[in-house]
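These are my notebook entries on a single model, written up in the order of the look-ups. I began with a pocket and went on to a cavity and the strands.

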Amino acid sequence: MSNALTRAAHGLSLQEKRLLMLAISKLDSKLPATPQNMVVEVNVTEFASAYGITSKTLYGEAKIATEQLMNRYIRFRHGKSETRMQWVGRATYKEGEGVIELVFWHELSPMLFELERQFTSYKLGRAGGLRSKYAWRLFELLMQFKKTGYLKITLDDFHHSMDTPKSMRSKFTNLTARVLEPAIKEIRLKDGLKVTWTALKKGRKVTSLEFKFPVEPQHELFKIDKDFIDKNARPGESYEQAGKRLKEEAKKQTK
């Protein structure tokens, strides 16, 4: 996704977030942003498998999530102005088939297709185990800076990105107790990412937040596939030998 989409306010429930991110993961961002390439089908059994869900009410929950997506929108801030945009232009739950069809809103195409710079990516499996929408949102923000392991964000922008209610904006202790600490605890527990945070103040007022975490392993930042091995193999090395060496060298870069 584009960084702008990562930082926008989403207003999604956990199930809606799961459904949308699974659908986005099925898009081929290298394809042109044509109407037919904006259509995605998700099977409910596929949805359950992706997130390890065993609920007996899964089909009903998936249907509700599909219906609710038509009422959800993204809020983008531009200085003092705000733009609202829908996630999907059409959402269909095929009764009896357990199939969901989503058609992404056409104005989202630059944020989902042909991304050359300023984009955020992460493996869906890493976020899939998170059970809190705040933990997932924070994880996305951190992944925008996975190459540096450092994020500094104003408190106002953080509230916007996390879509926190007014009750959490009046007192910083509310944000700490209900969003920051639980989200970081869950990310550390479920993903293993050792995140630390600091509140930055101007006088006695908290104005920004600073997050630090280990730089993502280099072997995850590029794909060691056949083309990469062909380009970096040494003379006389077999394909298997070169692949093993390159993977070991990538792991050493993170130590």
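**Entry 1: second largest pocket**

I first sorted the lining of the second largest pocket by class and found four nonpolar, four polar and four charged residues. The model is a predicted one, and I read every value below as computed from it. I then looked up the volume, and the second largest pocket holds about 170 Å³ of space.

Next I listed the residues. The lining consists of Asn3, Ala4, Arg7, Ala8, Arg75, Phe76, Arg77, His78, Ile153, Asp157, His160 and Ser161. I assigned these to secondary structure: α1 (3-7), β2 (73-78) and α8 (155-162) each contribute at least two residues to the lining of this pocket. Which element gives the most to it? I found that β2 does, with four residues.

**Entry 2: histidine 160**

I chose histidine 160 from the pocket lining for a separate look. Histidine 160 sits in helix α8. Is histidine 160 buried or exposed? I recorded it as buried, because its relative accessibility is 5% and the cut-off for buried is under 20%.

I then examined its surroundings. The side chain of histidine 160 reaches the backbone oxygen of arginine 75 at 3.1 Å. With neighbours within four places in sequence left aside, I noted contacts of histidine 160 with Arg7, Ala8, Ala9, Arg75, Arg77, Glu82 and Arg169.

**Entry 3: largest cavity**

I turned to enclosed space and counted one cavity of 30 Å³ or more. The largest cavity contains about 100 Å³ of space. I listed its lining as His10, Gly11, Leu12, Lys17, Lys133, Tyr134, Arg137, Ser161, Met162 and Asp163. Ser161 is thus named here and in the lining of the second largest pocket.

By class, I found three nonpolar, three polar and four charged residues around the largest cavity. Both α7 (133-143) and α8 supply at least two residues of this lining. I noted α7 as the element that gives the most, with three residues.

**Entry 4: aspartate 163**

I followed one of the cavity-lining residues, Asp163, to its place in the chain. Aspartate 163 lies in the loop between α8 and α9 (172-190). I classed aspartate 163 as partly exposed, because its relative accessible area is 23% and that class runs from 20% to 50%.

I also checked the backbone. The phi of aspartate 163 is near 60°, a positive value in a residue other than glycine. I noted this since most residues other than glycine have a negative phi.

**Entry 5: strands**

I returned to β2, which joins strand β3 (residues 81-86) through six bridges in the antiparallel sense. I looked up one opposed pair: isoleucine 74 faces methionine 85 in β3. How many residues lie between β2 and β3 in their hairpin? I counted two, and glycine 79 in the turn has a positive phi of about 65°.

I then inspected strand β1 (residues 39-43). Its covered face carries Val40 and Val42, whereas Val39, Glu41 and Asn43 are on the uncovered one. I found β1 paired with strand β5 (residues 99-104) in the antiparallel sense over five bridges. Valine 42, from the covered face of β1, has isoleucine 100 in β5 as its bridge partner.

Note on methods: Residues are numbered from 1 along each chain as its sequence is written. This is a predicted model: local features need pLDDT of at least 70, side-chain atom pairs count only at pLDDT 80 or more; totals for chains, interfaces and linings use all residues. Side-chain values use heavy atoms; hydrogens and water are left out. On a 1 Å grid over the protein atoms alone, a cavity is a set of points where a 1.4 Å probe fits but cannot get out, and a pocket is an open set with protein on both sides within 12 Å along at least five of seven lines; lining residues have an atom within 4 Å of a point. Grid points are joined across faces, edges and corners, and a volume is the space filled by probe spheres set on the points. Ala, Val, Leu, Ile, Met, Phe, Trp, Tyr, Cys and Pro count as nonpolar, Asp, Glu, Lys and Arg as charged, and the others, Gly among them, as polar. Buried means under 20% relative accessible area, exposed over 50%, partly exposed in between (1.4 Å probe, protein chains only). A polar contact is a pair of N or O atoms within 3.5 Å; within protein, one must be able to donate a hydrogen and the other to accept it, and residues adjacent in sequence count only if both atoms are side-chain atoms. Contact means heavy atoms within 4.5 Å. Two strands pair if DSSP finds at least two bridges between them.
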